Amino acid sequence: MATIEQCRAALEKLSDNMLGAEGDVRAAAALDRSVSCHITDLDVTFAGRMTGGRIEVDRTLPGPPGERAQIRLALTGDDLVSLVDGELNFATAWGSGRVRLEASLLDLFRLRKLL
C-alpha cells in the first residue's frame, strides 16, 4: 500500500509533468480551479489549487474532503502512483470505477486531454 509520502510525491510528479506539457495538454493544465484528491485506502485528502499549469497542494486533511473542490479525484494510493508512473490507464481505471473524477462538464472536456 502506498504511503502518504508516496502519494504526495506522485502528485508532485503529476504537477511537474503538467508544467512541462505542450499544446492542447498545456492549455488543459492552465485551468485555475480548486482541487482535491481523496486517497481512499489511507482516508486522507490532498487539497489545493490547479493554477499556472501546476497542482499546488496546500493542505493534507484526514478523511474525505470537507469542502467541495471544483475538480475532485478519489482513488487508492497505489492507483495514484500507478497512474502517474504510466502503469495504469486512466480511462480503464475510470471506466471500472477504480478512479472517480468529478468536475463540471466543461472542465471534464478540458481535463480529458491531460488524462
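# Questions on a five-stranded sheet and its helices

Visitor: Across which strands does helix α1 lie?

Guide: The model under discussion is a predicted one. In it, helix α1 comprises residues 4-19 and runs at about 160° to β3. The strands that helix α1 lies across are β1, β2 (44-51) and β3.

Visitor: In what order do the five strands form the open sheet?

Guide: The five strands are joined by mixed pairing. At the edges stand β3 (54-62) and β5 (100-102), each of which pairs on one side only. Neighbouring strands are turned against each other by 15° on average, direction ignored. The order of the strands in the open sheet is β3-β2-β1-β4-β5.

Visitor: How many bridges join strand β1 to strand β4?

Guide: Strand β1 holds residues 33-39 and strand β4 residues 71-75, and the two run parallel. Among the facing residues, S36 stands opposite R72, and C37 stands opposite L73. The number of bridges that join β1 to β4 is five.

Visitor: What angle does the direction of helix α3 make with that of β4?

Guide: Helix α3, residues 77-84, packs on the sheet and touches both β1 and β4. Its direction and that of β4 make an angle of about 110°.

Visitor: How many residues of β4 are buried?

Guide: Strand β4 is covered on both faces. On one side I71, L73 and L75 are buried, and on the other side R72 and A74. Of the five residues in β4, the number buried is five.

Visitor: Which residue of β5 is the bridge partner of L73?

Guide: Strands β4 and β5 run antiparallel and are joined by three bridges. L73 of β4, which stands opposite C37, also has a bridge partner in β5. That partner is L101.

Visitor: Does R33 count as buried or exposed?

Guide: R33 is found in strand β1. A residue counts as buried when its relative accessible area is under 20%. The relative accessibility of R33 is 19%, and therefore R33 counts as buried.

Visitor: Which residue shares a polar contact with the side chain of R33?

Guide: Beyond its neighbours within four places in sequence, R33 is in contact with several residues, including G48, I71, D107 and R110. One of these contacts is a polar contact of 2.9 Å between side chains. The partner of R33 in this polar contact is D107.

Visitor: How many of the eight residues of α3 are buried?

Guide: The buried residues of α3 are G77, D79, L80, S82, L83 and V84. They pack against α1, β1, β4 and α4 (90-95). Among the eight residues of α3, the number buried is six.

Visitor: Which residue follows α3 with a positive phi?

Guide: Helix α3, which is mostly covered, is followed by a residue with a phi near 80°. That residue is G86.

Visitor: What is the relative accessible area of A47?

Guide: A47 has its place in strand β2. Outside its neighbours within four places in sequence, A47 is in contact with V35, S36, E56, V57, D58, R59 and L61. A47 is buried, with a relative accessible area of 5%.

Visitor: What distance separates the C-alpha atoms of A47 and M18?

Guide: A47 belongs to strand β2. Along the chain, A47 and M18 are 29 residues apart. Their C-alpha atoms are separated by 17 Å.

Visitor: Which pattern does the chain follow along the sequence?

Guide: The secondary structure comes to five helices and five strands. Read along the sequence, these elements follow the pattern α-α-β-β-β-β-α-α-β-α.

Visitor: What is the radius of gyration of the chain?

Guide: The C-alpha trace spans about 35 × 30 × 25 Å along its principal axes. For 115 residues, a compact globule would have a radius of gyration near 13 Å. The value for the chain agrees with this, since the chain has a radius of gyration of 13 Å.

Visitor: What share of the residues in the chain is buried?

Guide: The accessible surface of the chain comes to about 6400 Å², and 53% of it belongs to carbon and sulfur atoms. Of the contacts with a separation of 6 or more, 60% are between residues 24 or more positions apart. Among the 115 residues of the chain, the buried share is 40%.

Terms used. Residues numbered from 1 in each chain as written. Predicted model: local features only at pLDDT ≥ 70, side-chain atom pairs only at ≥ 80, totals over all residues. Heavy atoms only, no water. Pairing = 2+ DSSP bridges. Helix = DSSP H or I, 4+ residues; strand = E, 2+ residues; numbered from the N terminus. Axes fitted to C-alpha atoms, helices over the stretch in contact; angles between N-to-C directions. Contact = heavy atoms within 4.5 Å. Rg over C-alpha atoms; globule rule 2.2 N^0.38 Å. Buried < 20%, exposed > 50% of the residue type's maximum accessible area, 1.4 Å probe, protein only. Areas by Shrake-Rupley, 256 points an atom, 1.4 Å probe, with all protein chains shown as cover. Polar contact = N/O pair within 3.5 Å; in protein donor to acceptor, adjacent residues only side chain to side chain.
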